[in-house]
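Me: I would like to go through this model by question and answer. Please keep the reasoning short and end each reply on what was asked for.

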Amino acid sequence: MSDLETEPTELRALLADVAAGRTTVDEAARDLAGLGLTAIGDFACLDTGRAARKGVPEIVFGEGKTVEQFAAIVAGFLTRTSVVLASKVSAEQVAAVTAPADGAATWHERARVLVVRRADHRPPDERGLVGVLAGGTSDTGIADEAVVVCREMGVGVLTAYDVGVAGVHRLAAPLREMAEAGAGALIVAAGMEGALPSVVCGLVDVPVIGLPVSTGYGIGGRGEAALLGMLQSCSPGLTVVNIDNGVGAGVTAAMIARAGAS
């Protein structure tokens, strides 16, 4: 059971019915398939059991959703889960979300991540540490997206920004700090040619997650060059997520760090 969500009320009730003979095994199997699902209008079917299964809080992708759809989805999750994150969110979407009574909503503007908590939310105990590096200032928004996810999963974070390969000597101090602090994984965000994750990976003894960012010039300037460069890396131990996928990088690094610290 995840330490992020401890509310398996419906599952307990179903198991109690089976134990008492009120529900057959076949009936329980059918009902089990529908547990944790909540329909919102005709545009969303929410999986509210993800935190209990994976230890990852629910994360709503904001782009492509109308303001009304976005607000309804966040509100729907908050009826069943105590915290919801939303990524790639616009200011208009943020304005449409109201924090629950006695709860809180935190808008991480640079990361474009909204975190909404109910008053009964219990954050996970902090366990593990992730280091997050960014090649240039233009890469920090996507790096921050990963930072927010890691922290909401109960993982400590050390950051070092604007340490790209154009001044590679800038890496020495932050890598030493992260190693001495016991970081279990590193996230390295970079645009342009995306060389930084390969360099970092060749210098450290922990998993490195390459996070290509859609910054750069002309051909390949939307992150394609960075992505392909990272995928072609000859540094063993480098794993790569998709362009601008700070959420994916944050979740993966946090799971590695928590597992290694347990």
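The turns below concern a predicted model, taken from the whole chain down to single residues.

Me: How many helices and strands are there in the protein?
Reply: The model is predicted, so local features are used only at pLDDT of at least 70. The protein contains 10 helices and 11 strands.

Me: What share of the residues of the protein count as buried?
Reply: The protein exposes about 12700 Å², of which carbon and sulfur atoms supply 55%. Buried means under 20% relative accessible area. Among the 262 residues, the share that counts as buried is 47%.

Me: What percentage of the contacts with a separation of 6 or more comes from residues 24 or more positions apart?
Reply: A contact needs heavy atoms within 4.5 Å. With contacts at a separation of 6 or more as the base, residues 24 or more positions apart account for 66%.

Me: With the side chain of which residue does the side chain of T215 make a polar contact?
Reply: T215 sits in the loop between β10 (208–212) and α9 (224–231). Leaving aside residues up to four places away in sequence, T215 touches several residues, including S138, G191, M192 and G221. The polar contact of its side chain spans 2.9 Å, and the partner is the side chain of D139.

Me: Is T215 buried or exposed?
Reply: The relative accessible area of T215 is 18%. The cut-off for buried is under 20%, so T215 at 18% is buried.

Me: D162 and D244 each have a positive phi; which of the two counts as buried?
Reply: Most residues other than glycine have a negative phi. D162, in the loop between β8 (156–161) and α7 (172–181), has a phi of about 60°, and at 36% relative accessibility it counts as partly exposed. The other residue has a phi of about 65° and lies in the loop between β11 (238–240) and α10 (246–261). At 17% relative accessibility, the one that counts as buried is D244.

Me: Why is the sulfur of C201 too far from the closest cysteine sulfur for a bond?
Reply: C201 is buried, at 5% relative accessibility. A disulfide requires two cysteine sulfur atoms within 2.5 Å. The closest cysteine sulfur to that of C201 is in C234, and it is too far for a bond because the distance is 9.6 Å.

Me: How many disulfides does a search of the whole structure find?
Reply: Burial does not settle the matter by itself: C150, for one, is buried with a relative accessible area of 0%. The test is a sulfur pair within 2.5 Å. Over the whole structure, the number of disulfides found is zero.

Note on methods. Residues numbered from 1 in each chain as written. Predicted model: local features only at pLDDT ≥ 70, side-chain atom pairs only at ≥ 80, totals over all residues. Heavy atoms only, no water. Helix = DSSP H or I, 4+ residues; strand = E, 2+ residues; numbered from the N terminus. Buried < 20%, exposed > 50% of the residue type's maximum accessible area, 1.4 Å probe, protein only. Areas by Shrake-Rupley, 256 points an atom, 1.4 Å probe, with all protein chains shown as cover. Polar contact = N/O pair within 3.5 Å; in protein donor to acceptor, adjacent residues only side chain to side chain.
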